[in-house]
Amino acid sequence: MKKTIVTGGAGFIGSHTWVELLAAGCTPIIVDDLRNSEERVLLGLEKITGRKPVIHRIDCTDARAMNLVFVQEKPDSVIHFAADKAVGESVRDPLKYYHNNIGSLVTLLRVMADHKVKDLVFSSSCTVYGEGDKLPVTEDSPTGAAASPYGYTKVVCEQMLRDASIADPALRVVMLRYFNPIGAHPSAHIGELPIGVPNNLVPFITQAAAGLRDKLTVFGNDYPTRDGSCIRDYIHVVDLAKAHVLALQWIAKQKAPLCEVFNLGTGQGNTVLEAVHTFEEVNGVKVPFVIGPRRAGDVVAMYADTAKSLNVLGWRTELTLGDALRDAWRWQLALG
Ligand code: NAD
Ligand code: WQD
């Protein structure tokens, strides 16, 4: 049975991936200090699978602690989710982001080298494309014009991985550029846990619908799109999680050195207002909202070209925007 270290495995995307890894016959081991997640995620994982997750509560930038995990677990591969991800916070506190997001990858690559672990899946982001040169955006579109320190950490990590795989011809790396992950597990036992004020659209929608917020503010309706609001590629987190299993399986069949990048999106763009109205339709619940000014740094439209993920990994999304918004609402209701 293949053993995979899942850093950030108690987080939003990591926890859903843990479920899919287990279903695929892997042994996923969580490394997460719960700085942006909670104990209850572990209970949720147990409820879904009947298995108690193995977790090492350590900081991934701590080389000694990471080394001990590798000594103890003897993993075959790693999926590295652990990172800070709030775009606005990264503008206010860039060093926190450079320290954690880049530092944790440097530490991980060193420990992997020491233990001769060669297979790695890395969480990147569509943010590396900045505004994007054409739509849908393909993997060979230029990167590097990210709009935030957070975005730059992903650009730097990607380059670090390219350099590391040139230097170590045994490394096999897949970098996955996620578009806008949303939704929750259909069981409503795990989902997104925004601690404090959310960073992303869908928790704002569900919290406004639940009456936890007065209203949602739609950031701008004067963009050159079909209804004036921005377009994004919203992908169900369960579809996203499944891609990680396929990526690990694909890596295992490849020859090293390997450093390949894939877009993970639906290929479909939806506007903010479409997301709001789809939420209302599938759940039969109103979302109080107002139109506000544009948010600084927002790109008008971004959605993925998914041909490479389909052709190479054999991955495509199976769930719709409506499925994701239904599951997000079930999760919000479960959260109370
Ligand atoms: P998340 O915050 O829910 O999960 C990250 C997890 O990593 C958390 O449980 C946190 O406690 C843990 N963590 C962070 N730094 C750590 C450290 N130094 N040591 C130990 N644990 C640490 O975030 P997520 O949405 O699941 O994102 C996972 C990855 O995907 C991140 O790398 C993020 O940048 C990337 N990503 C996320 C999105 C998104 O919109 N959610 C989009 C694109 C890319
Ligand atoms: C989506 C749309 C907003 C909140 C971010 C990161 C990106 C990636 C995914 C990590 C936009 C609009 C939002 C609100 C709104 N993360 N919106 N009212 O900005 O596309 O991407 O998450 O890698 O790097 O930048 O996601 O969910 O913040 O916004 O109208 O209260 O919803 O303007 O058009 P974004 P988001």
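This note walks through the surroundings of two ligands in a predicted model.

1. Ground rules. Residues count from 1 along each chain as its sequence is written, and chains are lettered from A and ligands numbered from 1 in the order in which they are written. The model is predicted, so local features need pLDDT of at least 70, side-chain atom pairs count only at pLDDT 80 or more, and totals for chains, interfaces and linings use all residues, while side-chain values use heavy atoms and leave out hydrogens and water.

2. Ligand 1, the neighbours. There are 27 residues around ligand 1. A residue is near when one of its heavy atoms lies within 4 Å. Asp-32, Asn-36, Ser-37, Asn-100 and Tyr-150 come nearest. By class, the shell holds 13 nonpolar, eight polar and six charged residues. Here Ala, Val, Leu, Ile, Met, Phe, Trp, Tyr, Cys and Pro are nonpolar, Asp, Glu, Lys and Arg are charged, and the others, Gly among them, are polar.

3. Ligand 1, the polar pairs. Start with the side chain of Tyr-150: one of its N or O atoms is 2.6 Å from an oxygen atom of ligand 1. A polar side-chain atom of Lys-154 lies 2.9 Å from a ligand 1 oxygen. Phe-81 uses a backbone N or O atom instead, at 2.8 Å. The protein covers 96% of the 820 Å² of accessible area that ligand 1 has on its own (Shrake-Rupley method, 1.4 Å probe).

4. Ligand 1, the elements. α1 (12-23), β5 (119-125) and α6 (149-167) each give at least two residues to this shell. Helices (H or I, at least four residues) and strands (E, at least two) are DSSP runs, numbered from the N terminus. β5 has the largest share, three residues.

5. Ligand 2. Tyr-150 appears again: a polar side-chain atom lies 2.6 Å from an oxygen atom of ligand 2. A backbone N or O atom of Leu-201 sits 2.8 Å from a ligand 2 oxygen. For a polar side-chain atom of Asp-298, the distance is 2.5 Å. Alone, ligand 2 exposes 680 Å², and the protein buries 89% of that. Among the elements, β8 gives the most to the shell, with four residues. The shell has ten nonpolar, six polar and three charged residues.

6. Asp-298. Where does Asp-298 lie? It is in the loop between β13 (289-292) and α10 (307-313). Its side chain makes a polar contact with the side chain of Arg-295 at 3.0 Å. Such a contact is a pair of N or O atoms within 3.5 Å; within protein, one must be able to donate a hydrogen and the other to accept it, and residues adjacent in sequence count only if both atoms are side-chain atoms.
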